[in-house]
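Welcome! Take a moment to look over the structure below, and then we will walk through a few of its parts together.

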Amino acid sequence: MHTRTAKLALALLGATLLAGPALAQETIKIGVTQPLTGAFAASGNYVAQGARIAETEINAAGGVLGKKIQLVVEDNKSNPTEAVATVEKLIVRDKVPVIMGAWSSTLTLAVMPKLQEYKVPMVVETSSSGKITTSGNPYIFRISPTSEMEAVAFKPLVPKLAIKKADFLNTNNDFGIGSAAEYSKMLKAQGVAVGVMETMDPKATDFSAQLTRIKASGGDTLFVTTAVEQVTLILKQAKELQLNTRIITTGGSNSPDQLIAQAGDAANGSFHTVFFPPWFPEVVTNPEPAKRYMDEWKKRGHEPGGLTEGFRGYDGIYTIVEAIKIAGKAEPAAIKDALWKTKVKGIYGNIAFIKQGPAGSESGQNIPSVYLVKIDGGKVVKSGL
Amino acid sequence: MDQLLQHALNAMILGGTYALLGIGLTLIFGIMRVVNFTHGELYAFGAYMMYMWVMLIGANFVVSIALAVALGVLLGAGIEILLLRRLRGADIDTTMLVMIGAWIAMQNTEQLVWSGVAKSIDSPFPSAPLVMGGVSVSWTRLFVFAVAVMLIAGTWVLIQKTRLGKAMRATFQDREAAALMGVRIDRVHTATFAIGSGLAAAAGALLGPVFVVYPTIGDLASLKAFAIVILGGLGSIPGATIGGFILAFMEELGAGYVSSGYRDAMGFLLIIVILLVKPTGLFARKERIG
Amino acid sequence: MSRAVTLAWVVFLFTLPLWMDNLYFLHVLIMAGIFIVAAMSLNLLLGYTGQLSLGHVAFFGIGAYVSSLCSLGFEIHVFDVPVGLAPKPVWLSMIVAVVFAGLCGWMIGKISFKVRGAYFVIVSVSFAEVTRLVALNWLELTQGPMALNNIPFLKLWLPGIGDIDVLGKMPNYYLVLVVAVVTYVIIRRLVHSRAGRAMIALRENEPLATSVGIDVTRFLVLATVVSAALAGLAGAVYAQYVRIVDPDVFLFIYTVTMVIMVVTGGKGTLAGPIVGGLIFGILPELLRGFEVQPEIQWVVYGVLMILIVYFLPEGIVPAVRDGWRRVGGRSGAPPAQPAPATPAGATPATAEASP
């Protein structure tokens with residue numbers, strides 16, 4: 001019996017060994033880890049689509065260092081352990097010199113030790129948790145704003161909107177908890193009372209219990225932090241429960257157009273922070289790349305609701321390619337050093353990295369613009385930021 | 001007080017669909033002795049069919065529900081004829097493994113066909129809710145509740161009043177005796193599995209427009225259906241109905257007054273306790289098997 | 001002869017990293033090895049006592065969480081009183097994890113005496129789901145969906161070699177290999193002992209076993225405790241290798257993966273889970289070469305599982321063994337009982353008689 005088993009196992013192992021090594025490398029590979037399935041699937045797919053647009057544009061313009069770039073996109077399934085596995089695969093199997101990812105703060109925080117272990121830099125295109133750039137990981141370069149930056153940018157609006165008492169509903173992950181902490185800190189400093197702070201699992205779909213409690217709390221404003229899927233349901237269910245408070249979503253992954261399409265008139269009257277307002281592209285710092293990106297997005301027939309998310313991937317890939325150009329070679333250490341010198345006229349604004357975190361092992365952080373928009377009568381309008 | 005009333009109303013509405021899910025599963029177990037791991041996938045199938053008819057084809061909302069249920073019935077009949085018929089008489093573990101295999105294959109097929117991005121289904125009802133004093137409920141949910149109650153009643157009538165129902169009850173009580181009396185067991189099994197599947201698909205088609213539809217929604221539906229039938233006792237239809245409402249009330253009140261995070265845990269904790277105290281569930285008449 | 005081949009196989013596995021420089025493939029083998037240990041432990045319940053435990057991943061996850069929490073340290077508040085634990089060495093944490101998982105096994109074993117069949121299956125599924133929900137919601141202890149990150153790796157001292165950091169592919173490969181061999185030996189000794197024979201008697205005919213004086217509860221509990229402790233060990237090894245644990249470690253799909261490994265390889269055989277584990281641990285990576293989407297791979301798994309239950313109900317190992325004997329194995333032993341023609345016939349031990 002042992003003999004047969006052993007032979008079978010040996011045959012299997014042999015077959016596997018033969019199927020091993022990859023083809024010779026003629027392109028420069030860039031790793032991308034995004035949630036293409038699971039709780040954050042909509043946003044992750046948008047970011048990947050934006051990254052693909054950048055890939056096509058860059059290759060049409062001749063690539064970088066005389067080679068074409070090739071994105072290796074892995075699905076991290078909205079799960080931190082899977083995110084680590086994708087980074088392991090990208091670095092060990094595909095040998096990518098640089099990565100873009102991983103959308104949610106929890107996913108990004110999960111993969112950070114791997115970046116340090118293999119000494120590969122990563123451009124963070126979405127995550128907002130402060131911990132990412134303050135924990136002393138020198139391989140992190142974030143182009144998206146932190147929750148703190150967002151809260152500070154929001155400050156002037158507190159008196160304008162006459163917020164007296166705020167309640168919170170956020171996912172119980174780094175993104176939601178981090179955002180609620182920064183916003184409540186800022187609001188308290190402004191003399192605003194904070195009512196209930198409700199949390200939800202990122203996969204939850206029924207919020208009736210939380211919303212009923214929020215209704216009982218009686219605040220005038222509800223801050224919601226989660227991805228667009230849950231925002232849609234919260235708007236609908238809030239309306240069903242006659243929760244008549246002002247709803248403000250934070251974090252920029254709220255895709256207002258998608259909310260209008262899917263939540264209908266339940267979306268009316270809600271406010272949303274976004275980091276790129278495709279409804280008024282003239283207000284952004286660099287209208288030229290914004291227009292190019294929007295045209296291509298439309299041409300490819302992607303969801304219009306994804307415009308506010310896809311640009312993150314677009315900017316991320318441009319940032320990486322610029323760094324490779326400055327580095328002069330596609331090697332992790334050189335790209336990491338080059339990222340400090342990288343300046344890109346992106347949709348996030350003029351992308352450049354300042355140092356954050358403990359001295360000696362700082363992470364890079366970009367300072368992007370923040371916009372607040374309102375949904376009114378089924379349309380997105382400016383709200384004075 | 002309003003808060004309590006609102007929680008109770010939410011629970012009532014949710015309980016209707018839970019009962020629907022539970023009845024389908026308990027029917028299949030009671031008559032066929034099959035722990036149906038594909039139950040949640042039929043729920044997901046119903047929801048996706050609803051999405052297809054309403055959002056892609058543009059069919060009428062009510063017609064779409066009927067179509068989704070009919071397709072669920074057909075799929076269920078197909079599964080029974082293709083996979084389970086040849087396993088009749090096999091032990092419970094064997095059929096369970098086959099059903100697990102079918103569950104994995106079905107769920108991943110859904111993911112392939114519909115992608116991992118959540119879909120939402122438009123409801124034709126006004127989004128302004130029905131307000132009664134301090135509590136309110138959406139018209140969509142009210143409609144869902146009404147249809148669920150009708151389907152539960154319909155199933156009850158079918159089992160109590162029709163020839164097929166008589167054959168099903170006979171098979172439930174004693175399969176061999178029923179066969180000797182001329183009941184065609186194969187047909188009863190196919191019909192049972194088809195009806196149970198149709199009920200799961202109905203629950204999916206009804207809740208799809210209330211929430212969102214994504215490939216793994218069936219997992220939680222399956223687990224909840226398990227909890228419901230254990231509460232009520234495997235094979236008991238009134239038990240599954242009451243079990244559905246008990247679970248909904250436990251979840252809603254637990255989430256409202258204890259912790260919203262443990263909402264989904266309530267049912268499972270309860271069944272572990274019940275099984276330790278009264279292993280046959282609250283309402284089972286038939287003795288436990290094994 | 002057989003012993004020599006086993007030995008050659010072990011030597012092959014022990015020297016593999018020395019001539020194989022594909023780190024990614026080592027990673028695949030490490031993960032497969034961890035799942036093989038878990039599958040071997042499940043086989044003790046599923047294959048030897050005949051209890052279809054579908055909550056096995058709970059023990060694996062508990063092992064992973066307990067060992068991570070001990071090595072990271074934690075502080076929680078019980079009625080506002082802080083209760084904490086300072087970080088402990090990883091080896092100690094792993095032992096605590098094994099003991100804790102074993103205790104949970106004892107508890108479930110006690111329940112399994114009360115309910116059988118479908119009820120036991122659903123209780124075991126529910127148990128795993130409750131552990132998942134606790135891990136997801138007890139933020140103070142487990143960090144919930146934020147996962148336990150930066151879990152310390154194992155540090156060992158070996159005579160003649162000195163201190164070793166079990167970090168990176170090669171040391172982890174050897175760690176997993178040693179754990180797998182130890183698990184194999186433990187299970188082998190157990191099933192060949194008096195207790196093991198009692199378990200098998202139990203599986204074949206419980207009323208008969210009881211009537212000849214076998215203490216059913218005692219052996220069921222023993223099997224569950226050993227099985228749970230070994231699954232906990234696999235979880236602890238997993239946690240210190242991937243160095244991150246999140247509540248999805250308790251997902252039902254991982255139990256299913258283990259069940260598929262055991263059933264495919266052959267439940268109730270020592271080699272079954274290893275063969276099944278190698279197939280299902282390595283197959284996904286082979287399929288990747290053909291650009292197969294993961295969903296297709298899982299559809300294939302599901303269909304394969306159904307086909308195996310129909311056509312190879314005893315699993316690969318017994319089928320190959322019987323097949324070999326029939327074509328005239330060397331020993332000239334009498335042919336084994338003919339392979340059952342129908343799935344129904346494949347389960348002679350079933351209590352429910354079919355007409």
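## A good place to start

Let's begin in chain A of this predicted model. Here strand β8(A), helix α10(A) and strand β9(A) come together as a right-handed β-α-β unit. The helix of this unit, α10(A), covers residues 228-240.

How do the two strands of this unit, β8(A) and β9(A), run relative to each other: parallel or antiparallel? They run parallel, and four bridges join them. To find them in the viewer, look for residues 221-225 for β8(A) and residues 246-249 for β9(A). Two pairs of residues help to show how the strands line up. Leu222(A) has Ile247(A) in β9(A) as its bridge partner, while Phe223(A) stands opposite Ile248(A) in β9(A).

## One strand further along

Strand β9(A) also takes part in a second right-handed β-α-β unit, this time with helix α11(A) and strand β10(A). The pairing of β9(A) with β10(A) is again in the parallel sense, over two bridges. One residue to look for here is Thr249(A), whose bridge partner in β10(A) is His272(A).

Helix α11(A) spans residues 256-263 and lies across three strands: β10(A), at 271-274, β15(A), at 371-376, and β16(A). The helix runs at about 20° to β15(A).

## The whole sheet

Now let's step back. Which strands make up the sheet, and in what order? There are seven in chain A, arranged as β7-β6-β8-β9-β10-β15-β16. The sheet is open, and its pairing is mixed.

At the edges of the sheet are β7(A), residues 193-200, and β16(A), residues 379-382, each of which pairs on one side only. From one strand to the next, the twist averages 25°.

## Where chains B and C meet

Our last stop is the contact between two other chains. On one side, 45 residues of chain B take part, and they are in contact with 39 residues of chain C. Four helices of chain B each supply at least two residues to the side that touches chain C: α4(B) at 92-114, α7(B) at 175-180, α9(B) at 217-232 and α11(B) at 265-277.

Which helix of chain B gives the most to this side? That is α4(B), with 15 residues. Sorted by class, the side of chain B that touches chain C holds 30 nonpolar residues, eight polar ones and seven charged ones.

Definitions and conventions. Residues are numbered from 1 along each chain as its sequence is written. Chains are lettered from A and ligands numbered from 1 in the order in which they are written. This is a predicted model: local features need pLDDT of at least 70, side-chain atom pairs count only at pLDDT 80 or more; totals for chains, interfaces and linings use all residues. Two strands pair if DSSP finds at least two bridges between them. Axes are lines fitted to C-alpha atoms, for helices over the stretch in contact, and angles run from 0 to 180 degrees between N-to-C directions. Two residues are in contact if their C-beta atoms, placed from the backbone, lie within 7 Å. A crossover is right-handed if, with the strands pointing away from the viewer, the path from the first strand over the helix to the second runs clockwise. Ala, Val, Leu, Ile, Met, Phe, Trp, Tyr, Cys and Pro count as nonpolar, Asp, Glu, Lys and Arg as charged, and the others, Gly among them, as polar.
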